[in-house]
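User: Hi! I've just opened this one and could use some company while I look around. Mind if I throw a few quick questions at you?
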Number of protein chains: 2
Amino acid sequence: MDLKASLLAAPGPQQRRAIAKAITLLESTRADHRARADELLTELLPHTGKSFRLGISGVPGVGKSTFIEALGLALIGQGHRVAVLAIDPSSSVSGGSILGDKTRMEQLSIHPQAYIRPSPSSGTLGGVAAKTREAMLVCEAAGYDLVIVETVGVGQSETAVAGMTDMFVLLQLPNAGDDLQAIKKGVMELADLVVINKADIDRDAATRAQAQITSALRILGQHGRPDHAQHDATLWHAQVLQLSALKAQGIDAFWQAVTRFRGLQEGSGRLAARRRQQALAWMWERIESGLRQAFRQHPQVKSLLPQITRDVEHGRLAASTAARQLLQVMRPGH
Amino acid sequence: MDLKASLLAAPGPQQRRAIAKAITLLESTRADHRARADELLTELLPHTGKSFRLGISGVPGVGKSTFIEALGLALIGQGHRVAVLAIDPSSSVSGGSILGDKTRMEQLSIHPQAYIRPSPSSGTLGGVAAKTREAMLVCEAAGYDLVIVETVGVGQSETAVAGMTDMFVLLQLPNAGDDLQAIKKGVMELADLVVINKADIDRDAATRAQAQITSALRILGQHGRPDHAQHDATLWHAQVLQLSALKAQGIDAFWQAVTRFRGLQEGSGRLAARRRQQALAWMWERIESGLRQAFRQHPQVKSLLPQITRDVEHGRLAASTAARQLLQVMRPGH
C-alpha cells in the first residue's frame with residue numbers, strides 16, 4: 001500500500017508508521033524528497049481541514065506538557081483523536097527541548113489515539129514552522145480531529161503558531177503581577193483565550209492575575225493585529241480561565257470555552273475566512289523567505305553586502321541608496 | 001550655487017527653496033532624478049544625524065497639529081530650528097489629509113525657523129516612509145536640530161515612524177476607557193512617552209486615563225518589540241504626561257521629559273545603537289520591498305499568480321507548494 005493510501009486507511013500501527021514516514025519526507029532537504037512531499041501534500045489536501053487546530057503557548061515552567069496531557073487524555077476519553085506537534089525555534093541550537101523527551105507526556109505519548117511529534121530540530125523559524133504546518137495537514141488527513149500545536153513563549157514562534165491555528169491559547173502562571181513583564185510584547189494580543197495554570201497553588205494570586213489580564217486584554221482592545229487573522233470581536237472577547245492541569249481541574253470548562261469559540265467562528269464563517277487568510281499569508285511568507293534567500297546567496301550580493309552593511313551602520317551610505325545598489329546587481333543583464 | 005551648497009549654506013529663503021527642490025528630487029520617480037538624489041544623499045550624509053528625531057502619532061482629533069504648533073513655537077523661542085514632516089498612508093487615496101493644509105499650523109508654517117512638509121501623496125506606505133526618511137536627512141543637513149515626524153494613528157505608519165525616530169510619542173485623549181479600544185494593537189508598546197492631550201477639558205478623566213495607560217504600559221512590559229529598536233528598559237520606563245496643547249499648558253514638562261530621555265539614550269550609547277539598527281532595518285525593508293516588487297512584476301509570476309492564489313484560498317494547493325512553484329519561475333534558466 002502506498003504512503004497516501006496508508007495515511008487515509010484505518011488508524012493503527014501501519015497508519016502511524018505512514019505518518020512518521022510522510023513527516024520525515026516533508027522534513028527532508030533533498031530535492032527529490034521535496035518533490036514527492038509536494039505531490040503527497042497536494043493529494044492529501046482534499047482530506048484535510050476537518051480538524052480543529054489549537055495553538056498553545058506559554059513560558060517554560062508554565063505546565064504546557066501537563067496541560068496538553070490532561071486535555072488530550074480527556075478528549076480521547078470522549079472519542080477524539082489527538083495529534084500534538086511542536087514548534088521550538090531553539091531546538092536547532094539546543095538539540096531539542098520541548099517534546100524532545102516524550103516522557104514529558106507519559107500517558108498521552110503511548111496512547112493509540114494520540115500522535116506526538118517533536119519540533120523539527122533544524123532550520124530557521126520559518127522553515128520549522130513550514131514543516132509543522134505541513135505535518136499538521138498529514139495528521140488531519142489521517143483523521144486526527146484535534147491538532148494541538150505547542151510552542152514555547154520565547155522568540156517569534158507564537159506568531160507562527162497563531163498564524164496556523166484556529167484558536168490561540170496562552171498559558172500563564174498565577175503570579176501575573178511579576179510575570180506579565182515576561183510576556184513578550186505582541187503575544188498577549190494574539191490570544192483568543194488565556195489560561196492561568198497552577199491556579200490551585202495560590203487561589204488569591206490566580207484571581208488577581210485573572211483580573212489583571214482581563215483588564216490588560218480589554219485595554220489592548222479586541223481587534224487583533226491587523227496582520228493576523230483573529231476572531232470576530234463582535235462575537236468573542238478573549239477570556240481568562242483558571243485551571244490546574246496537574247489536578248485535572250478546569251479542563252472541562254476549558255474545553256467548553258473552546259467549543260463555544262469554535263461554534264461562533266464556524267457559524268459566522270470566520271473560521272473559514274481565518275484559514276483562507278492564513279493560507280495566503282503563509283504563501284507570501286514562504287515566497288518572501290525564498291526571495292531573501294536567493295538574494296543573500298547571489299554571488300555579487302554576497303561579496304558586496306559586508307562592506308555596504310558597514311557603510312550603512314556608520315552613516316557613510318543612506319540605507320535606501322544601499323538597498324538600491326544591492327537590488328541593482330540582481331537585475332537580469334547586470 | 002549648486003543644490004548641496006545651498007542646503008549647507010545659511011538659513012534663509014535660498015536654503016528653503018533648496019530644501020524643497022531636494023525633497024522634490026527625492027520624491028521623483030524618474031530614474032535620472034533618482035540617481036541624482038542618491039548622489040546628493042550620499043554627499044549630505046556626513047552633515048546629518050545631529051538633530052533629535054521625534055515621532056508623534058495619535059488618532060485624528062487628538063490635537064496633533066495644535067500640539068506640534070505649540071511645541072514648535074516654544075522651541076523656536078529657545079533658539080531651535082524645527083522641521084515637521086508627515087507620513088500619511090491614506091494621502092494617496094484621499095489626496096492628502098494631515099499637513100495637507102498648512103493653515104492647520106498657522107503660525108509655525110510661516111515662521112522662518114520652521115520647515116513644514118506634508119506627506120508624499122503617492123506610493124505605498126514603504127515608499128512614502130522612504131521619502132520622508134530621506135527628507136529628514138535633507139532637513140538635518142540644512143541645520144534643523146529638531147525633526148518632528150508626524151503620523152495619523154491609523155494604518156501601519158506608526159511602526160514606520162517609530163523606526164525612523166529617536167523617540168516615539170503617542171498622543172491620547174482623556175477618555176481612555178472608551179478610546180483605548182481604538183488604539184491599534186502594537187502601537188502603545190512602541191511609545192517612549194504617552195501624552196494625554198486636552199487634559200484641561202476633563203481633569204478627572206485625564207487622571208484616570210493616565211493611571212490606566214501607566215498600568216497598561218507596565219503590563220505590556222518595557223522590553224520593546226524585538227523587531228524594533230527601543231529605549232533601554234533599565235534606564236527609562238515609558239511615561240504618561242497630561243497636557244493641553246491648546247492652552248500651551250504642559251509643553252515645558254513635555255520637553256523636559258524629552259530632554260531627559262535624550263540624555264539617557266545618548267549617555268548609554270543607546271541612541272547611536274538605535275540609529276544603527278534603524279538604518280540596517282531600513283535597508284533590509286527596502287531590499288525586501290524591491291524583491292517583492294520584482295517578483296510581482298515578473299511576467300510568468302503575473303500570469304500564474306491569480307490562479308495559484310485561488311487554489312491556495314480554496315485548499316486545492318498547499319501554501320508552501322504554491323510558494324515553491326512561484327519561486328521556481330524566478331530561477332535563472334527557467
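User: Let's start small: in β4(A), which residue is the bridge partner of A:Ala86?
Analyst: Happy to help! That partner is A:Glu150. Keep in mind that this is a predicted model.

User: And how many bridges hold β2 and β4 of chain A together, and in which sense do they pair?
Analyst: There are six bridges between strand β2 (residues 82-87) and strand β4 (residues 146-152) of chain A, and the pairing is parallel.

User: What is the strand order in the chain A sheet?
Analyst: The order is β3-β2-β4-β1-β5-β6-β7, seven strands in an open sheet with parallel pairing. The edges are β3 (114-117) and β7 (239-242) of chain A; each has a single partner strand, so one side of each has no neighbour in the sheet. From one strand to the next, the twist averages 20°.

User: Which strands does helix α7 of chain A lie across?
Analyst: Helix α7 (residues 125-141) lies across β1 (52-58), β2, β3 and β4 of chain A. Relative to β2(A), the helix runs at about 175°.

User: Switching to chain B. What does β6 pair with there?
Analyst: Strand β6 of chain B is joined to strand β5 (residues 167-172) by four bridges, and four bridges also join β6(B) to strand β7 (residues 239-242). Both pairings are parallel. On the β5 side, B:Gln172 has B:Ile196 as its bridge partner, while on the β7 side B:Leu193 is partnered by B:Gln239.

User: Which way do the β6(B) side chains point, and are they buried or exposed?
Analyst: B:Leu193 and B:Val195 point one way, B:Val194 and B:Ile196 the other way, and all are buried. That fits the usual pattern: in a regular strand, side chains alternate between the two faces of the sheet.

User: Now B:Arg53. Where does that residue lie, and is the side chain's residue buried or exposed?
Analyst: B:Arg53 lies in strand β1 (residues 52-58) of chain B. Its relative accessibility is 9%, so B:Arg53 counts as buried, the cut-off being under 20%.

User: What is B:Arg53 in contact with, beyond its neighbours in sequence?
Analyst: Leaving aside residues within four places in sequence, its contacts include B:Met136, B:Leu137, B:Glu140, B:Asp166 and B:Arg275.

User: On to charges. How many salt bridges are there over all chains?
Analyst: The whole structure has 28. One of them pairs A:Arg275 with A:Asp166, with N to O at 2.7 Å. That pair links distant parts of the chain, 109 residues apart: A:Arg275 is in helix α12 (residues 270-297) and A:Asp166 in the loop between α8 (157-162) and β5 (167-172) of chain A. Both residues are buried.

User: How far apart in helix α3 are A:Arg34 and A:Asp38?
Analyst: They are four residues apart in helix α3 (residues 31-44) of chain A, so about one helical turn separates them. Their side chains meet in a salt bridge at 3.2 Å, N to O. A:Arg34 is buried at 11% relative accessible area, and A:Asp38 is buried too, at 13%.

User: What about A:Glu285, which residue does that one bridge to?
Analyst: A:Glu285 forms a salt bridge with A:Arg286, their closest N and O atoms being 3.2 Å apart. A:Glu285 counts as partly exposed at 29% relative accessibility, whereas A:Arg286 is buried at 16%.

User: And which residues do shared partners join into one network?
Analyst: A:Arg34, A:Asp38, A:Glu134 and B:Arg324 are joined that way, through salt bridges that share partners.

How values were computed. Residues are numbered from 1 along each chain as its sequence is written. Chains are lettered from A and ligands numbered from 1 in the order in which they are written. This is a predicted model: local features need pLDDT of at least 70, side-chain atom pairs count only at pLDDT 80 or more; totals for chains, interfaces and linings use all residues. Side-chain values use heavy atoms; hydrogens and water are left out. A salt bridge is a side-chain nitrogen of Lys or Arg within 4 Å of a carboxyl oxygen of Asp or Glu. Helices (H or I, at least four residues) and strands (E, at least two) are DSSP runs, numbered from the N terminus. Buried means under 20% relative accessible area, exposed over 50%, partly exposed in between (1.4 Å probe, protein chains only). Two strands pair if DSSP finds at least two bridges between them. Contact means heavy atoms within 4.5 Å. Axes are lines fitted to C-alpha atoms, for helices over the stretch in contact, and angles run from 0 to 180 degrees between N-to-C directions.
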